[in-house]
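Here is an informal walk through one protein model, written for someone who thinks at the bench. Have the structure open and follow along.

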Amino acid sequence: MTKTVIITGTSRGLGFSLAEYFLKKAWKVYCVVRTINDADKMKNINRDFCFPIVSDIAFDTIQSDIESIFSGSERVDVLINNAGVGGSGSLISNTSVANTEKLLDVHCLGPMRVTKAVLPFLNKDSIIINISSRFGSITKVASGELDNISCSYSYRIAKAAQNMFSQCLSREFKDSTLKICAIHPGKLKTDSGSVDADKEATEAAEKLYSLLDTIENGKFYSLFETEINW
């Protein structure tokens, strides 16, 4: 039976590589993108198995946009909340409250909106993956190991909030067979990659796919390292 995945933010970077890899493995892929041009780009990868959803996770309309796609017996095996944006301001003096609110809306409230929309269509043993970051780990930030790598207040705050969402969700469904986890995909060489980036998005997509069969509920994984402390 063909499996189904929903991936947000597939127009570039990790999201695009994930969509390509799942399609290579003959999955039905629903891609959430923001523009018609991005939808056309995704559709051209595989017109039989790739189904773009033009919407924006930062708006409440994402719920009705997703619900309009699924009906009847259609079920989702994996949801990957990947969409994200970079922030600005690495010091409190140049950190904008408005920018922080924007990133919270995309990185934390966005996955919440999408998850609420997709929940009714999940299988009993489906997986929800929130693509997080080492910069969202309060333990790593507090230890000082990331002090010499520039990253905005807004991005770190938003990813930490997203991690709490992942934990709240995993605790809510702890007695079910659903699995919810956060994944740091590695230091990827993307448009918004850090100065110490050393991995390609294609490598991360392959590693994430290989992890699916062993994912446990409530974990914070790092694809190229050990499990990360929250």
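## Salt bridges, a pocket and a few helices

Glu 227 has a relative accessible area of 43%, so it counts as partly exposed. Its side chain meets that of Lys 219 in a salt bridge, with N and O 3.8 Å apart. Lys 219 is partly exposed because its relative accessibility is 24%. Elsewhere, salt bridges that share partners join Asp 60, Asp 105 and Arg 113 into one network. Keep in mind that this is a predicted model.

How many salt bridges are there by this rule? The count comes to eight. The general idea is a simple one: side chains of opposite charge can pair when their charged atoms come close.

Here are three of the pairs, side by side:

| Salt bridge | N to O distance |
|---|---|
| Lys 28 and Glu 74 | 3.7 Å |
| Glu 227 and Lys 219 | 3.8 Å |
| Asp 175 and Lys 174 | 3.9 Å |

Take Lys 28 and Glu 74, whose closest N and O atoms are 3.7 Å apart. Lys 28 sits in strand E2 (residues 28–33) and Glu 74 in the loop between helix H3 (61–67) and E4, so this pair ties together parts that are 46 residues apart in sequence. Lys 28 itself has a relative accessible area of 23%, which means it is partly exposed.

The side chains of Asp 175 and Lys 174 also meet in a salt bridge. Is Asp 175 buried or exposed? Asp 175 is exposed, because its relative accessibility is 71%. Lys 174, at 43%, is partly exposed.

### The second largest pocket

Now to the pocket. The second largest one has a volume of about 230 Å³. Its lining is made up of Lys 3, Trp 27, Asp 77, Val 78, Asp 125, Ser 126, Ile 127, Lys 179, Tyr 209, Leu 212 and Asp 213. Sorted by character, that lining splits into five nonpolar residues, five charged ones and one polar one.

Which strand gives the most to this lining? That would be E5, with three residues. Strand E4 (76–81) and strand E5 (122–131) each supply at least two residues of the lining.

### Helix H1 and what comes after

Helix H1 covers residues 13–24, which is 12 residues. From its first C-alpha to its last, H1 reaches 17 Å, close to the 16 Å expected at 1.5 Å a residue. Its buried residues are Leu 14, Gly 15, Ser 17, Leu 18, Ala 19, Tyr 21, Phe 22 and Leu 23. As background, an α-helix has 3.6 residues a turn, so residues three or four places apart point the same way.

After H1 comes Ala 26, placed in the loop between H1 and E2. What is the sign of phi at Ala 26? Its phi is positive, about 70 degrees, although Ala 26 is not a glycine. For context, most residues other than glycine have a negative phi. Ala 26 counts as partly exposed because its relative accessibility is 42%.

### Two residues in H6

Helix H6 spans residues 153–172 and contains Ile 157. Tyr 153 is found in H6 too.

Start with Tyr 153, which is partly exposed at 29% relative accessibility. Setting aside residues up to four places away in sequence, Tyr 153 touches Gly 89, Ser 90, Leu 91, Ile 92 and Thr 95. Compare that with Asp 77: Tyr 153 and Asp 77 are 76 residues apart in sequence and 34 Å apart in space, C-alpha to C-alpha. Asp 77 is one of the residues lining the pocket described above.

Ile 157 is partly exposed as well, with a relative accessibility of 39%. Leaving out neighbours within four places in sequence, Ile 157 is in contact with Thr 100 and Leu 104. Between Ile 157 and Glu 101 there are 9.8 Å, C-alpha to C-alpha, with the two 56 residues apart in sequence.

### Thr 139 in H5

One more stop: Thr 139 lies in helix H5 (residues 138–143). Which residues does Thr 139 contact, leaving aside its neighbours within four places in sequence? They are Asn 229 and Trp 230. Thr 139 and Asn 229 are 90 residues apart in sequence, yet their C-alpha atoms are 6.2 Å apart in space. With a relative accessible area of 40%, Thr 139 is partly exposed.

Notes: Residues numbered from 1 in each chain as written. Predicted model: local features only at pLDDT ≥ 70, side-chain atom pairs only at ≥ 80, totals over all residues. Heavy atoms only, no water. 1 Å grid on protein atoms, 1.4 Å probe; cavity = no way out; pocket = protein on both sides within 12 Å on 5 of 7 lines; lining within 4 Å. Points joined across faces, edges and corners; volume = space filled by probe spheres on them. Helix = DSSP H or I, 4+ residues; strand = E, 2+ residues; numbered from the N terminus. Nonpolar A, V, L, I, M, F, W, Y, C, P; charged D, E, K, R; others polar. Buried < 20%, exposed > 50% of the residue type's maximum accessible area, 1.4 Å probe, protein only. Contact = heavy atoms within 4.5 Å. Expected span 1.5 Å × (residues − 1). Salt bridge = Lys/Arg side-chain N within 4 Å of Asp/Glu carboxyl O.
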